[in-house]
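Colleague: Could you walk me through this one? I would like to start with how the chains meet and then look inside each of them.

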Amino acid sequence: MTGIILAILGIATATVLAGIGSAKGVGSAAQSAMGVLSEDSSMFGKMLVLTLLPGTQGLYGFIVGFLILINAGVLGGGALPTVGQGLAYLCGALAIGFGGMFSGFAQGKAAVSGILMCAKDEKNFSKAMVSITLVEIYALLAFIVSLLIVISVPGFAG
Amino acid sequence: MKMKSVRIFALKQDRKRLLEHLQDSALVHVKHTNEAEQGFLRTDTSAQIKQFERNIGITEQALKILAQIVPEKKGLLASFKGRPEIDPDEIGIIASNSPKIISVCNKIIKLDKQRADYAAEQVRIKTALAQLEPWKKLDIPLNSKDTASTAVLIGTLPRLYDNTSLSEALAAESSDLVFEFEILYASASMTCIVLYAPKYQRTLAEQSLRTLGFSQPINPTSRTPQVKSERLLKKSEEIKVKSEEAKDKIESYAEYREAIARTQDYFLLRSEKYRVISELDQSRHVFVLNGYIPEEDCEKLKKICDSVSSCVLEIEDADEDAPIKLKNNAFAEPAQSIVTMYSTPSKNDIDPTPVLAFFFYFFFGMMFSDAGYGLLMILATTIAIHALKPDKKMRSNLRLFQYCGVSTVFWGLVFGSIFGDAPAVISNLITGGNMTMADLLPWPILDTQKDALMIMIMSIAFGLVHILVGMGCKFFVCLKQKRYAEAFFDTGLWMLLLVGFAVLAAGMAVSQTLVYAGGGIAIACAVGLVLTQGRGKKGIVGKFIGGLASLYDITSYVSDLLSYSRLLALGLTTGVMAQVFNMLATLFGTSVFGIILMVLVFVVGHAITIGLNALGSYVHTMRLQYVEMFSKFYEGGGKPFEPFALHSKSFKVKNSNED
């Protein structure tokens with residue numbers, strides 16, 4: 001049983017930590033976006049895009065969580081993972097958990113600045129967007145590392 | 001597109017006609033200069049322009065008020081709809097109606113101002129009523145004077161008293177004072193009283209009260225509070241009615257909305273025309289217009305000028321400041337907006353649109369990667385283009401997503417994803433089997449989860465091609481400008497180096513010979529780079545160190561390449577999210593209720609997936625173009641070609657070229 005509990009801990013770690021990062025990032029971005037919208041509601045589309053940019057970390061965390069859910073057999077059926085395998089899933093989850101959380105914070109800050117920049121001149125939109133996605137690469141790297149670990153845990157590799 | 005600079009000479013008497021023709025045809029970008037050439041003068045049209053702009057402002061304000069009071073019923077798809085076309089002759093009618101419409105606008109603005117005044121008055125009345133509230137029990141006016149023998153003092157004390165405590169307090173202040181009082185209102189922070197005392201003791205009474213913090217009401221009136229507040233209420237009612245009347249009146253003007261919008265456009269057209277007039281060099285009988293025109297439009301311009309009798313054209317090769325007009329075939333044209341969103345190409349750049357278009361569609365498809373979603377995109381955009389007849393700009397945006405949709409279908413089929421694994425899930429639900437998409441589809445698929453490593457390698461390989469194409473553009477640009485050293489040493493060697501590494505990497509999987517070949521190319525290029533990159537530095541040592549340091553750039557290429565792993569990440573995200581919702585949808589079993597829930601979860605879930613992932617795919621595709629590819633060769637910063645045309649907002653003049 002320890003193995004599966006470790007795997008479940010991994011699911012929670014990936015989903016929750018990355019989720020915290022995205023929630024904080026999107027939250028602060030949404031606050032500034034609403035400030036801008038109160039002045040000019042026609043910018044809703046652009047603001048929505050910029051606000052959602054820090055939202056991907058949570059998604060990555062969720063996907064890693066989901067893959068562990070499937071691969072480790074938490075949903076029933078198949079053999080239960082050993083302690084070693086459960087620990088491997090947990091370790092895999094740590095990458096996107098922490099990578100997602102801190103890059104979410106940082107991307108949220110970048111998004112706030114991007115929103116203010118876009119509010120001054122709508123032409124800055126694409127520049128703001130690209131600058132904000134620069135942060136995302138680190139969440140992506142963490143995600144890919146997590147992903148590769150999770151799908152290649154020995155004994156469970158597809 | 002190749003630009004020509006053009007000078008049009010014509011007689012002043014033809015000015016109006018010629019300018020009208022030019023504005024209709026939208027062929028010429030008028031050159032902006034600050035001063036007239038020698039021997040010519042400029043006409044100052046700023047007064048007229050100001051007048052037009054004031055009218056534009058008035059119409060704008062009136063439209064805003066109308067939108068606020070009588071919101072326009074707009075369909076969900078209204079923003080996609082094209083503007084209605086009008087006949088050129090109709091502009092004349094709009095022009096002749098414009099004074100009437102402007103006066104309507106002024107009326108609307110005036111009524112709205114009245115409403116604002118009424119609203120302010122209401123607030124004032126409300127405050128006055130609130131102030132009167134504590135005095136309601138008082139049956140004499142607030143400003144009542146003393147009678148023949150009695151002093152009357154009306155006012156408030158800043159704390160809570162009842163009859164006993166106030167008597168005690170007053171007695172404590174002055175034992176001689178003879179008084180009688182009534183407490184009209186008492187709260188923790190305020191007690192309203194009326195106090196009677198013998199007239200000869202007035203000063204004494206005042207003094208005692210003052211020490212308790214007594215103050216008289218701020219706005220004493222000559223009527224009893226009851227009467228006063230009734231009057232105020234009545235006035236408030238009246239104002240309310242008046243305000244409603246004003247609102248009704250504004251509402252009755254709603255039918256003019258269309259006409260107001262058109263009038264605004266008319267003034268927009270006029271002010272654009274007068275701006276051009278102020279750029280004309282004029283002598284007593286002749287005027288000259290300096291501008292730019294795409295080479296292919298020269299014939300059209302000649303025809304127009306021939307129709308205006310006294311006109312001479314002078315067409316030359318364009319100078320350095322010429323504006324840039326992009327022209328692409330139907331495949332690449334929709335991506336033009338992506339290029340201009342970054343920056344218009346400068347004169348030194350090649351038009352990156354065709355290259356960008358291909359990779360944009362390709363990468364978007366790979367990230368969104370679902371045949372079902374792709375089909376939906378194609379369907380929605382096709383219907384929108386045909387049913388709503390959108391304007392040129394919107395149409396080209398829709399086309400962009402239509403092409404992206406095609407690529408999305410392609411990648412969806414490659415990855416075996418049609419609304420996630422919906423076909424497999426549904427067939428399992430019916431047959432009770434345990435099929436996967438791989439079993440179901442007749443062609444071999446790449447599973448984003450199981451073959452992730454393979455897809456990651458593919459992504460980076462596509463990235464390498466993308467970057468090499470970008471560098472190839474740089475190479476080409478440098479060759480064109482005869483900057484050979486830059487072309488061969490700075491770009492060519494790096495390209496070869498990257499190819500060398502790629503061959504080496506491929507060799508590791510395939511054969512040892514390729515490893516040696518790739519390694520050889522890479523080392524040779526690295527040596528070449530060390531030898532050439534320091535060429536700007538002084539002295540042998542400086543050159544060597546400069547060359548060696550340039551090898552450090554390899555890190556930036558590596559990070560660029562790794563960046564393409566997002567192709568895998570986003571592709572996987574779409575697939576997994578869709579799969580999750582499919583799983584949730586089938587949790588409720590096959591009862592009627594279960595099926596209803598299933599359809600509901602399916603629709604909502606996939607809508608969420610589409611929304612989130614389409615946005616992600618769009619943003620990240622754009623980033624790959626802007627950051628990874630454009631940084632290799634693209635300068636931007638050119639001036640866009642903005643012809644003198646009929647730039648209207650609410651209608652489109654038939655047969656005009658404006659977009």
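Colleague: Happy to have it open in front of us. How many residues of chain B are in contact with chain A?

Modeller: Please keep in mind that this is a predicted model. On one side of the contact there are 20 residues of chain A. Their partners on the other side are 23 residues of chain B.

Colleague: Which element of chain A gives the most to the side that touches chain B?

Modeller: Three elements each give two or more residues to that side: helix 2 (44-52), helix 3 (56-71) and helix 5 (125-151) of chain A. One of them contributes eleven residues, the most of any. That element is helix 5 of chain A.

Colleague: And how many residues on that side of chain A are nonpolar?

Modeller: Let's go through the classes. No charged residues occur on the side of chain A that touches chain B, and four residues there are polar. The nonpolar residues number 16.

Colleague: Staying with chain A, what is the order of its elements from the N terminus on?

Modeller: Chain A has five helices and zero strands. Its C-alpha trace spans about 60 × 20 × 20 Å along the principal axes, and 56% of its 158 residues count as buried. Read from the N terminus, the order is α-α-α-α-α.

Colleague: Now for chain B. Why is it described as more spread out than a compact globule?

Modeller: Chain B holds 21 helices and ten strands, and its C-alpha atoms fill a box of roughly 125 × 85 × 70 Å along the principal axes. For 659 residues the globule rule gives 26 Å, and chain B lies well over that, so it is more spread out than a compact globule, with a radius of gyration of 40 Å.

Colleague: How far apart are the centres of domain 1 and domain 2 of chain B?

Modeller: The domain assignment places domain 1 at 1-42 + 279-323 and domain 2 at 43-131 + 227-266. It also lists domain 3 (143-216) and domain 4 (333-435 + 452-633). Taken over C-alpha atoms, the centres of domain 1 and domain 2 of chain B are separated by 40 Å.

Colleague: Let's look at a helix pair. In chain B, is the crossing of helix 15 and helix 21 left-handed or right-handed?

Modeller: Helix 15 (residues 452-480) and helix 21 (residues 592-633) of chain B pack at about 30°, and their axes are 7 Å apart. Residues that meet there include B:H466, B:G470 and B:K474 from helix 15, and B:L624, B:E628 and B:F633 from helix 21. The contact has seven nonpolar, two polar and three charged residues. As for the hand, the crossing is right-handed.

Colleague: One last residue, B:G547. Is it buried or exposed?

Modeller: B:G547 sits in helix 18 (residues 540-550) of chain B. Leaving out residues up to four places away in sequence, B:G547 touches B:L529, B:V530, B:L531, B:T532, B:Q533 and B:G534. A residue needs 20 or more other C-beta atoms within 10 Å to count as buried. B:G547 has 20 of them, so this residue is buried.

Colleague: And how far is B:G547 from B:T448 in space?

Modeller: In sequence, B:G547 and B:T448 are 99 residues apart. In space, C-alpha to C-alpha, the separation is 42 Å.

Notes: Residues numbered from 1 in each chain as written. Chains lettered and ligands numbered in written order. Predicted model: local features only at pLDDT ≥ 70, side-chain atom pairs only at ≥ 80, totals over all residues. Contact = placed C-beta atoms within 7 Å. Helix = DSSP H or I, 4+ residues; strand = E, 2+ residues; numbered from the N terminus. Nonpolar A, V, L, I, M, F, W, Y, C, P; charged D, E, K, R; others polar. Domains from an automatic or database assignment. Axes fitted to C-alpha atoms, helices over the stretch in contact; angles between N-to-C directions. Left-handed = near helix turned anticlockwise from the far one by under 90°. Rg over C-alpha atoms; globule rule 2.2 N^0.38 Å. Buried ≥ 20, exposed ≤ 12 C-beta atoms within 10 Å, placed from the backbone.
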